[in-house]
Amino acid sequence: MTEPIIEASAHHLVDDDVVIAGGRLPRFLRHWLVARLGWSIVTLLGVSILVFLVLRVVPGNQIDAAFGTEAGTLTPAQHAALAHYYGIDRSLWSQYFSWIGSVLTGNLGLALNTHLSVASMTGSALPVTVELAVLATIFGTVTGVALGLLASSRPNGVRDTVGQSIGLLALSVPGFVLGTAIVTIVAAKFNYFPNGGEYRAPWQNLSENAQQMLFPALVLGIAVAAPVMRTTRSAMIEIASRDFVRTAYGKGLSPARVLLRHELGNASIPIVTMVGIQFGYLLGGAVIVEQIFALPGIGRQVYQAIEDREYAVVQSTVLVIAAAFVLVNLLTDLVYRRIDPRVREQ
Amino acid sequence: MRRTRIRRLVLVALCLSLLASSALVGSSSARTTATGGTLVIGRTADVNTLDPQKATAFQAVQTLGLIYGTLVQLDSKLNVVPGLATAWKFTDNSQTLTFTLRSRVKFQTGAAFSSADVAASLNRILNPATGAVSRANLSDIQSISTPNARTVVLHLADPDVPILAALADLNTAIMSAADIQSGSFTTHPNGTGPFAFSSWTPNQSFKLVRNKTYWGGKVPLAGVQFRVIPDETSVVSALKANQIQMGLISDPVVARQVKGGGLKVLPQASLSYHTLMLNDRHAPLDKLYVRLAIQCAINRKQVLGSAALGEGQVTGPITSPAYRSDPNARPCPTPNLAKAKRFMKAAGYPNGGITLHTIVETGEYATAVAEAQSVQAQLAPIGINLDLQTLDSGTYVSRWLAADFDAAIALNGGRVDPDTMYTRYFTSTGNLNKVAGYSSPKLDTLFAQGRATSSVPKRKAIYTQISKTLESQGVWVWMFTAFDYYAISSKVQNFIPMANESLQYLRQTTLG
């Protein structure tokens, strides 16, 4: 039997939702999933307004970005024609509602310089980022949990010191340093740089895809492993001192069963929280790692679009990323419900 | 007992993690190598438009320059030579320019090329609705006539000799009249150049194939593929791993990493110049002596050394090969701090106390911040403080265009003809004069003379005078021209880099 632990952070979101959804609301709206979805829509709407406004506050516009300093050679008539083409001669209200209206009808917009649809660009970039995020998360979780178990098995002992030192090192070394070091050393010593080739999806060439994903997944995975390791360690140390663990040993259960089923089972709630957060961030695109390893992911798409002031591309892509983040949060909540019986009861 | 179990568990978990990693590696023998006659070129950014008349980014200009042709073109020494026109003649006091077009030229889609395509292309540039950047260089065209399929006549409002060099620029590319009508060029470029468009995967690769009907003869390469590798260090890594055969590099530090393994670097002096632009309409830069003090305090060689590892040349205003300025013909050819201090005193600032808000661009080229810091350190002794504002490219361009700066560390593009290079900056009606911050009746007269003169020696004398005026007035601080680096594998042969960064000699390049 799995014993509960008190981890407010693990289920406070669900509690909040119940409170918010309670009271005068109709019964069906009181269902946690409906409330959750409602708040997700509000969140996405907020994101859409925020990203729209931030882009307009940033100096420069599409004409300056497309022509660079040569924009100064355009006559007023040319400038006006281009402003009309890019749609920046309209009021902010008109621009926002025109864009959000298109998005609601399933049209994410068009990159005006390249004439490519944002949907097709995102369709090819998102799988790259998702694959990278999944691989990095798997690597980071397995490594992080393993190191966390190792460290917690003897608190303040040698293993703990070693485990914590590794965690601290992984947290301290920035991805761009590790990534650049790997690229430079491996290419210089072994003439090996799989990412110099054209990107291959797993269904095109699994072996090449695996080679192209290895180093970036490793770099990002190390960044994921560090917080997971620290979370695992602290959760395991706390749980090891609980009564139910002593009881389990007292009942004569094997150490492995106590560790896996009772200790790790209960520690999994904060670990899942941490992994969920990390995965969500990775879905936003690891811009620097994607730059170094030339992976055509969503991070690079947004970065390039910001450089080019391609408003529709930035806005719609960020909205897609936000939707993915919201979805991951929702899935994390579902996982809580699966692993924490108290949440189910609420 | 418990510890042993835990240790085993941890060991199993770590092994699983490593197994997952090694499964990712798969077979290392699957690494791709260069294919037959396709040259793979790595560069840090992608094409941002397929419209040749609106392309300003180097990547777009380089790529579309292989697809499209122009009436005239440049040879490796930047001399104007025949392109789609085999001959041309200025008549009527340089106010009429007649082109005889090449026969039997076809667009890559198979349609025949004629004078109608030239007229449609030039009219598209002149139409304000297009937003073509080269309109300013062609604004003297009053009308275009096409007496027959092989002849095009440009009727000019004023004598305009430099228009010929302007017509060698990709921004005056000749497009098919039918494509202009249909707008198909925005997704499928179609020109008369040595390579034809094949496919484009944004942020990844741009593929070209040999144009089998190219008027200049058989193109040796079966194709060219541009690959986007955003980091220059990674470009070098891809070159070492033989994933690409040519890498385009701008950072001299990275270029030094290319050595051994049959790789070499072709450095090419660029027409672009690194300068400290001064807004001479902002006090106290409106005082000549303050500007001259800055000229004398700056050690250009030192800036070149610290920012670009000494790889480049100290330059004067004009970098066009035929009209190049003498870098020693300036108030202080070598730095002279005592003289600079005397100028500060004469300007009424014996103790300095001047702060200049200076914009610096990051991200666009590697040396900007180092240049700014070097200049900042050199101006400190005469009491001028550079307040450096490092900005992303979009913000920098926006502030630059609005002339919202006292000084700007800039890398400005050079031109084959000094007229197209500086008329826009330093004539009172130039469309970048607000940014340049300086004009004078003397310069207006000299530039007008340059436009109306066809004799090269006479033009040379005029532009030498212009150069001298710009320097003696301390208008900007022209510092140096740097190198562009073409890192290539030994298989790449017959490639000639060009000062205007064109890759047109890929039309004769072979892969050994």
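Q: Where do the axes of helix H9 and helix H11 of chain B stand relative to each other, and at roughly what angle do they cross?

A: In this predicted model, the axes of helix H9 (residues 300–308) and helix H11 (residues 368–379) of chain B come within 8 Å, and their crossing angle is roughly 140 degrees. Angles run from 0 to 180 degrees between N-to-C directions. The crossing of H9(B) and H11(B) is right-handed.

Q: Which residues of H9(B) and H11(B) make the contact?

A: H9(B) contributes Gln302(B), Val303(B), Ser306(B) and Ala307(B), while H11(B) contributes Ala370(B), Glu371(B), Ser374(B), Val375(B) and Gln378(B). By class, four of these residues are nonpolar, four are polar and one is charged.

Q: How should a nonpolar core be read, and which residues have the most contacts inside the largest one?

A: In soluble globular proteins, nonpolar side chains tend to be buried together. Here the largest nonpolar core has 229 residues, and those with the most contacts inside it are Leu132(A), Leu220(A) and Ala293(B). Helix H9 (residues 206–240) of chain A gives the most to this core, namely 18 residues.

Q: Which residues does Ala293(B) touch?

A: Leaving aside residues up to four places away in sequence, Ala293(B) touches Ala340(B), Phe343(B), Met344(B), Ala347(B) and Ile382(B).

Q: Why is strand S1 of chain B described as largely enclosed?

A: A residue counts as buried if 20 or more other C-beta atoms lie within 10 Å of its own. Strand S1 (residues 38–43) of chain B has five of its six residues buried, so it is largely enclosed by the rest of the structure.

Q: Which strands pair with S1(B), and in what sense?

A: S1(B) pairs with S10(B) in the parallel sense over six bridges; within this pairing, Val40(B) has Gln225(B) as its bridge partner. S1(B) is also joined by two bridges to strand S11 (residues 246–249) of chain B, again running parallel. There, Gly42(B) is bridged to Gly247(B).

Q: How is the interface between the two chains to be described, and which element of chain B gives the most to it?

A: The size of an interface is often given as the accessible area lost when the parts come together. Counted by residues in contact, 62 residues of chain B meet 69 residues of chain A. On the chain B side, the elements giving two or more residues are helix H1 (2–25), strand S10 (223–228), helix H6 (232–240) and helix H12 (393–401). H1(B) gives the most, with 14 residues. By class, this side has 27 nonpolar, 25 polar and 10 charged residues.

Q: How many helices and strands does chain A have, and what share of its residues is buried?

A: Chain A has 15 helices and two strands, and 45% of its 346 residues count as buried.

How values were computed
Residues are numbered from 1 along each chain as its sequence is written. Chains are lettered from A and ligands numbered from 1 in the order in which they are written. This is a predicted model: local features need pLDDT of at least 70, side-chain atom pairs count only at pLDDT 80 or more; totals for chains, interfaces and linings use all residues. Two residues are in contact if their C-beta atoms, placed from the backbone, lie within 7 Å. Helices (H or I, at least four residues) and strands (E, at least two) are DSSP runs, numbered from the N terminus. Ala, Val, Leu, Ile, Met, Phe, Trp, Tyr, Cys and Pro count as nonpolar, Asp, Glu, Lys and Arg as charged, and the others, Gly among them, as polar. A crossing is left-handed if the near helix is turned anticlockwise from the far one by less than a right angle, and right-handed if clockwise. A nonpolar core is a set of buried Ala, Val, Leu, Ile, Met, Phe, Trp, Tyr and Cys residues joined through C-beta atoms within 7 Å. A residue is buried if 20 or more other C-beta atoms lie within 10 Å of its own, exposed if 12 or fewer, and partly exposed in between; C-beta atoms are placed from the backbone. Two strands pair if DSSP finds at least two bridges between them.
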